[in-house]
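Work through the exercises below with the sequence and the structure open. Try each task before reading its solution.

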Amino acid sequence: MNRVLKVPVLLHRAFSSSARRLRNKVPEAQKLFQEDNGLPVHIKGGTSDVLLYRATMTLTIAGSCYSLYWLLVASMPQRKP
Amino acid sequence: MAHQAHAYHMVDPSPWPLTGAVAALLLTSGTAIWMHFNSLVLMTLGLVLLLLTMYQWWRDIIREGTFQGHHTPPVQKGLRYGMILFITSEVFFFLGFFWAFYHSSLAPTPELGGCWPPTGITTLDPFEVPLLNTAVLLASGVTVTWAHHSIMEGQRKQAIQSLTLTILLGFYFTFLQAMEYFEAPFTIADGVYGSTFFVATGFHGLHVIIGSTFLAVCLLRQVQFHFTSEHHFGFEAAAWYWHFVDVVWLFLYISIYWWGS
């Protein structure tokens, strides 16, 4: 019963303007990206940076090879049906 | 740690120029392969790589400016020059299509009936949806200026509201134009009228979408407290681009929709 009585107060706290206002996370980001760890900016954000970089580079290399394959196919005489 | 004794930005080595260049290779060769061998894989790979490159490259620029403080006044000056030069190159891009339009419409050939609009072409009424589109873009120019002043005056809520309104107006324009394209009584294949109309307005529409996206990124950054009242160049660049898109539309409206009808 006591918990039920607290509901209006809890709801007000959950939806009050201070809860809806976003916290400014720029100072934390500034601290992270200014850390003296020698990391280049494109992977300085953490693990997700590294994963995204590896995925991108994989596509870059695979794509280059695939375009080379098609170049060879296109350079060969057409197979007549 | 060695500190620089100058105000310029010596960037960290980055892989994105390479991945971007390979994306361009895959997009171009992929289009050719699609045309000749009916395979979309290479072109799609290029598109995905392009999107990944753009996301990570511009993310890194935000990190360098907002989080690492590299965008000092001289660096910002360089960024301003860069954006102005880029927009100038886009002006020349559109100039070409306007040249094509005026070349064909000022001296219409006998094949067209010696008149402009050519025989058989039912043009769009410039005082219907095209006029509404003009009003929409002009209004968005006002709202983006409102957003700029809000940012400069530190009015966070107003900046978010006016920027959101600008983006919504941009989406409304795109929606209206898409409806027009669907309902138009002529197609891109309808002689030189169709070609000049759809290529010029089509590239403009693409730039509206690009501009809306740029503004949307600015909205996300404004919500996340990236902009200060003194330093918000990303927003200014987006606003410049948006005004450019608006001006191109005005030329399109007057030349193709109004004079050309």
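A helix here is a DSSP run of H or I with at least four residues, and helices are numbered from the N terminus. The model is predicted.

**Exercise 1. Place B:Ser105 in chain B and describe its surroundings.**

Solution.
Step 1. B:Ser105 belongs to helix H3 of chain B, which covers residues 73-106.
Step 2. The cut-off for a buried residue is a relative accessible area under 20%. B:Ser105 has 4% relative accessibility and therefore counts as buried.
Step 3. The side chain of B:Ser105 comes to 2.7 Å from the backbone oxygen of B:Phe101.
Step 4. With neighbours within four places in sequence set aside, B:Ser105 is in contact with B:Trp116 and B:Trp259.

**Exercise 2. Which kind of peptide bond, cis or trans, joins B:Trp116 to B:Pro117, and where is B:Pro117 found?**

Solution.
Step 1. Omega of the bond from B:Trp116 to B:Pro117 is near 0°, and the bond is cis.
Step 2. Most peptide bonds are trans.
Step 3. B:Pro117 sits in the loop between H3 and helix H4 (129-152) of chain B.
Step 4. B:Trp116 also appeared in Exercise 1, as a contact of B:Ser105.

**Exercise 3. Describe the fold content of the two chains, beginning with chain A.**

Solution.
Step 1. Chain A has four helices and zero strands, in the order α-α-α-α from the N terminus.
Step 2. Chain A has 81 residues, of which 17% count as buried. About 6,600 Å² of chain A is exposed, with 64% supplied by carbon and sulfur atoms.
Step 3. Chain B has seven helices and zero strands, and its elements run α-α-α-α-α-α-α from the N terminus.
Step 4. Chain B has 261 residues, and 42% of them count as buried. Its accessible surface is about 13,700 Å², and 72% of that belongs to carbon and sulfur atoms.
Step 5. Along the principal axes, the C-alpha atoms of chain B fill a box of roughly 75 × 50 × 30 Å.
Step 6. Among the contacts in chain B with a separation of 6 or more, 74% are between residues 24 or more positions apart.

**Exercise 4. Analyse how helix H4 of chain A packs against helix H2 of chain B.**

Solution.
Step 1. The helices are H4 (residues 47-75) of chain A and H2 (residues 41-67) of chain B; they pack at about 145°, with axes 10 Å apart.
Step 2. The crossing of H4(A) and H2(B) is left-handed.
Step 3. On the H4(A) side, the residues that meet H2(B) include A:Asp49, A:Leu52, A:Leu59 and A:Tyr66. On the H2(B) side they include B:Val41, B:Leu45, B:Arg59 and B:Arg63.
Step 4. The residues of this contact of H4(A) with H2(B) divide into twelve nonpolar, five polar and three charged.

**Exercise 5. Repeat the analysis for H4(A) and helix H1 of chain B.**

Solution.
Step 1. Helix H1 of chain B covers residues 16-37; its axis and that of H4(A) come within 9 Å and cross at roughly 35°.
Step 2. The crossing of H4(A) and H1(B) is left-handed.
Step 3. Among the H4(A) residues that meet H1(B) are A:Met57, A:Ser64, A:Val73 and A:Ala74. Among their H1(B) counterparts are B:Trp16, B:Thr19, B:Leu25 and B:Phe37.
Step 4. The contact of H4(A) with H1(B) is made up of eleven nonpolar, seven polar and no charged residues.

**Exercise 6. Is B:Thr53 buried or exposed, and what does its side chain make a polar contact with?**

Solution.
Step 1. B:Thr53 is located in helix H2 of chain B.
Step 2. Because its relative accessibility is 4%, B:Thr53 counts as buried.
Step 3. Its side chain makes a polar contact of 3.0 Å with the side chain of B:Thr19.
Step 4. Beyond neighbours within four places in sequence, B:Thr53 is in contact with B:Trp16, B:Thr19 and B:Gly20.
Step 5. B:Trp16 and B:Thr19 are also among the H1(B) residues that meet H4(A).

**Exercise 7. Examine phi at B:Asn38 and at B:Phe225.**

Solution.
Step 1. Most residues other than glycine have a negative phi.
Step 2. B:Asn38 has a positive phi, near 55°. This residue is in the loop between H1 and H2 of chain B. At 69% relative accessibility, B:Asn38 counts as exposed.
Step 3. B:Phe225 has a positive phi, near 65°. Its place is the loop between helix H6 (191-223) and helix H7 (233-259) of chain B. With a relative accessible area of 25%, B:Phe225 is partly exposed.

Technical notes
Residues are numbered from 1 along each chain as its sequence is written. Chains are lettered from A and ligands numbered from 1 in the order in which they are written. This is a predicted model: local features need pLDDT of at least 70, side-chain atom pairs count only at pLDDT 80 or more; totals for chains, interfaces and linings use all residues. Side-chain values use heavy atoms; hydrogens and water are left out. Axes are lines fitted to C-alpha atoms, for helices over the stretch in contact, and angles run from 0 to 180 degrees between N-to-C directions. A crossing is left-handed if the near helix is turned anticlockwise from the far one by less than a right angle, and right-handed if clockwise. Contact means heavy atoms within 4.5 Å. Ala, Val, Leu, Ile, Met, Phe, Trp, Tyr, Cys and Pro count as nonpolar, Asp, Glu, Lys and Arg as charged, and the others, Gly among them, as polar. Buried means under 20% relative accessible area, exposed over 50%, partly exposed in between (1.4 Å probe, protein chains only). A polar contact is a pair of N or O atoms within 3.5 Å; within protein, one must be able to donate a hydrogen and the other to accept it, and residues adjacent in sequence count only if both atoms are side-chain atoms. Accessible areas come from the Shrake-Rupley method with a 1.4 Å probe; for residues, only the protein chains shown count as cover.
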